[in-house]
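Trainee: I am new to this structure. Please take one part and walk me through it closely. I would like the sheet and what surrounds it.

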Amino acid sequence: MTCTTKKDGHADVGYWLGRPYRGHGYISQSLQALEKLAFNDWQLNKLQILTVPDNIASQAVAKSNHYHRDARLPKHIPTLAGDYQDAIIFSKLRQDWLTQI
């Protein structure tokens with residue numbers, strides 16, 4: 001899991017997990033721990049998750065952790081083939097996190 005902090009109070013979250021470890025809730029547990037750091041300790045305003053449209057598992061993680069689907073960004077992520085693919089952005093605000101704890 002990665003978290004890239006930005007100057008404007010936002011951070012981008014990224015994650016990847018090997019096949020044998022998927023479906024056990026490890027990413028959700030890690031995301032919840034990261035949220036506590038980001039919103040409590042670092043006082044960030046927003047966390048964002050970017051996924052590609054066909055990554056249903058990553059979208060499920062975002063949805064099950066109460067992230068809001070904000071938008072579909074056309075041709076946003078570069079591919080190895082030199083083209084671009086769409087991205088879906090999810091976010092959670094600090095104020096929403098505070099109501100969930």
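Mentor: What follows starts with the sheet, moves to the helices and the pocket, and ends with single residues.

One point comes before the rest: this is a predicted model.

Start with the sheet. Five strands make it up, and the sheet is open. Read across it and the order is S1-S2-S3-S5-S4. The pairing is mixed. Now look at the edges. Strand S1 covers 2-5, strand S4 covers 68-78, and these two stand at the edges. Each has a single partner strand, so one side of each is left without a neighbour in the sheet. From one strand to the next, the twist averages 30°.

Next, take one pair of strands. S1 pairs with strand S2, residues 10-14. Their sense is antiparallel, and four bridges join them. Within this pair, Thr4 stands opposite Asp12 in S2. In general, strands of a sheet pair through backbone hydrogen bonds, in a parallel or an antiparallel way.

Now add the helices. H1 packs on the sheet and touches S1, S2, strand S3 (46-51) and strand S5 (84-93). The direction of H1 makes about 140° with that of S3. Helix H2, residues 56-64, packs on the sheet too. H2 touches S3, S4 and S5. Its direction makes about 15° with that of S5.

Where is there open space? A water-sized probe rolled over the atoms shows where space is left empty. The largest pocket holds about 480 Å³ of space. Its lining counts 23 residues. Tyr15, Trp16, Asn55, Ala57 and Ser58 lie nearest its centre. S2, H1, S3 and H2 are the elements that give two or more residues to this lining.

Go back to H1, which spans residues 26-41, and find Glu35 there. Is Glu35 buried or exposed? Its relative accessible area is 3%, so Glu35 is buried, as the cut-off is under 20%. The side chain of Glu35 makes a polar contact with the side chain of Lys92, at 3.2 Å. Lys92 is also among the residues in contact with Glu35 once neighbours within four places in sequence are left aside. The others in that group are Asn40, Leu47, Asn65, Tyr67 and Trp97.

After H1 comes a loop. Leu44 sits in the loop between H1 and S3. At 5% relative accessibility, Leu44 counts as buried. What does Leu44 touch, not counting residues up to four places away in sequence? Its contacts are Thr5, Gly9, His10, Ala11, Ala38, Phe39 and Arg94. Tyr15 gives a sense of distance: the C-alpha atoms of Leu44 and Tyr15 are separated by 19 Å, and the two residues are 29 apart along the chain.

Finish with the backbone. Most residues other than glycine have a negative phi. His66 has a positive value, with phi near 65°. His66 lies in the loop between H2 and S4. Its relative accessibility is 54%, so His66 counts as exposed, the cut-off being over 50%. Lys75 is not a glycine either, yet its phi is positive, about 45°. Lys75 is in strand S4, one of the strands at the edges. With a relative accessible area of 52%, Lys75 is exposed.

Definitions and conventions
Residues are numbered from 1 along each chain as its sequence is written. This is a predicted model: local features need pLDDT of at least 70, side-chain atom pairs count only at pLDDT 80 or more; totals for chains, interfaces and linings use all residues. Side-chain values use heavy atoms; hydrogens and water are left out. Buried means under 20% relative accessible area, exposed over 50%, partly exposed in between (1.4 Å probe, protein chains only). A polar contact is a pair of N or O atoms within 3.5 Å; within protein, one must be able to donate a hydrogen and the other to accept it, and residues adjacent in sequence count only if both atoms are side-chain atoms. Contact means heavy atoms within 4.5 Å. Two strands pair if DSSP finds at least two bridges between them. Axes are lines fitted to C-alpha atoms, for helices over the stretch in contact, and angles run from 0 to 180 degrees between N-to-C directions. On a 1 Å grid over the protein atoms alone, a cavity is a set of points where a 1.4 Å probe fits but cannot get out, and a pocket is an open set with protein on both sides within 12 Å along at least five of seven lines; lining residues have an atom within 4 Å of a point. Grid points are joined across faces, edges and corners, and a volume is the space filled by probe spheres set on the points.
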